[in-house]
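Please explain how this protein is put together, strand by strand where possible. I would also like to know how its aromatic side chains are arranged.

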Amino acid sequence: MKLKLVLGVILLLTFTPNNYSQTTLETFFGMEEMVVESWFFKPLTENYEWSIFILSDAVIDYETEEASLVSYTVLGYDVWKGFGPVSGGRFFDGRASALAGVQWARAGEQFLITTNLTTELRSQPFYELFLLAQYRFSMNEDLGFFSQFQNSINFNKDSHEFSFQRLRLGLNWKKYQFGLGTNTYQYGEDWDFEIDPGIFVRVEF
């Protein structure tokens, strides 16, 4: 899949559902690749008992302009203090799967944390442990500090498949965030390690 097509799909996904409570679009410019990511969060009830989380991203190689596209959607139900079941689906590298699992989420004025453990509903499934955490605070009337960390560990019944971490540290100005970041990857049973540093720009709607 070529660069322009992937960017068009991500932008369409981002700007179409303008009724979401929070919509984020981020572009990370690494040394080896570019990552375009969008995610949406929407409470479906006033007390946040039901909510939906959608994440889509494309990892684009500079040299070939080839991209891998991931789309991930889970519907969550808060049973007790942010803990409860989730169900949904994921499309990754031509593999479409239904998901089921459990989640825990907490949010405040300065922080957000959500984590879930899911399994594909298929024979020989992948299992995933996912974490998204944010922390921010105001530095003055115009600028604030922004940080975000994502972690995804994917494994089957026998061994580790792949993992990634995305760290972002920077500034918050109005609805924009920008700064430095790293993407790190681990592959296979030996957890072969790669790192790609770069800069990021993101906007929240």
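**Rings, charges and paired strands**

The charged end of R95 lies over the ring of F126, at 4.3 Å from the ring centre. A second case involves R166, whose charged end sits over the ring of F164, 4.6 Å from its centre. Both descriptions refer to a predicted model.

The protein consists of 1 helix and 12 strands. Read from the N terminus, the order is α-β-β-β-β-β-β-β-β-β-β-β-β. Of the 205 residues, 42% are buried. Among contacts between residues at least 6 apart in sequence, 41% join residues at least 24 apart. The exposed surface comes to about 11400 Å², and carbon and sulfur atoms supply 61% of it.

Strand β3 is a useful place to look in detail. β3 spans residues 50-61, and 10 of its 12 residues are buried, so the strand counts as mostly covered under a limit of 20% relative accessible area. On one pairing, β3 runs antiparallel to strand β2 (residues 33-43), with 11 bridges joining the two. Within the β2 and β3 pairing, M34 stands opposite I60 of β3. The hairpin of β2 and β3 has 6 residues between the strands, and Y48 there takes a positive phi near 65°.

β3 also pairs with β4, again in the antiparallel sense and over 11 bridges. These two strands form a hairpin with 5 residues between them. In its turn, E65 has a positive phi of about 60°.

Which residue of β4 is the bridge partner of W50? The partner is Y77. The side chains of W50 and Y77 also belong to the aromatic contacts of the model, which holds 11 aromatic pairs. The rings of W50 and Y77 form a tilted pair, with 4.7 Å from centre to centre and 50° between the planes. W50 lies in β3 and Y77 in β4 (residues 67-77), so the ring pair ties together parts that are 27 residues apart in sequence.

Are these two residues buried or exposed? W50 is partly exposed, because its relative accessible area of 35% falls between the limits of 20% and 50%. Y77 is likewise partly exposed, with a relative accessible area of 26%.

Ring pairs also build a cluster, which links W39, F53, Y72 and F130.

Note on methods
Residues numbered from 1 in each chain as written. Predicted model: local features only at pLDDT ≥ 70, side-chain atom pairs only at ≥ 80, totals over all residues. Heavy atoms only, no water. Phe/Tyr/Trp six-rings, centres within 6.5 Å; stacked < 30°, edge-to-face > 60°. Helix = DSSP H or I, 4+ residues; strand = E, 2+ residues; numbered from the N terminus. Buried < 20%, exposed > 50% of the residue type's maximum accessible area, 1.4 Å probe, protein only. Lys NZ or Arg CZ within 6 Å of the ring centre and 35° of its normal. Contact = heavy atoms within 4.5 Å. Areas by Shrake-Rupley, 256 points an atom, 1.4 Å probe, with all protein chains shown as cover. Pairing = 2+ DSSP bridges.
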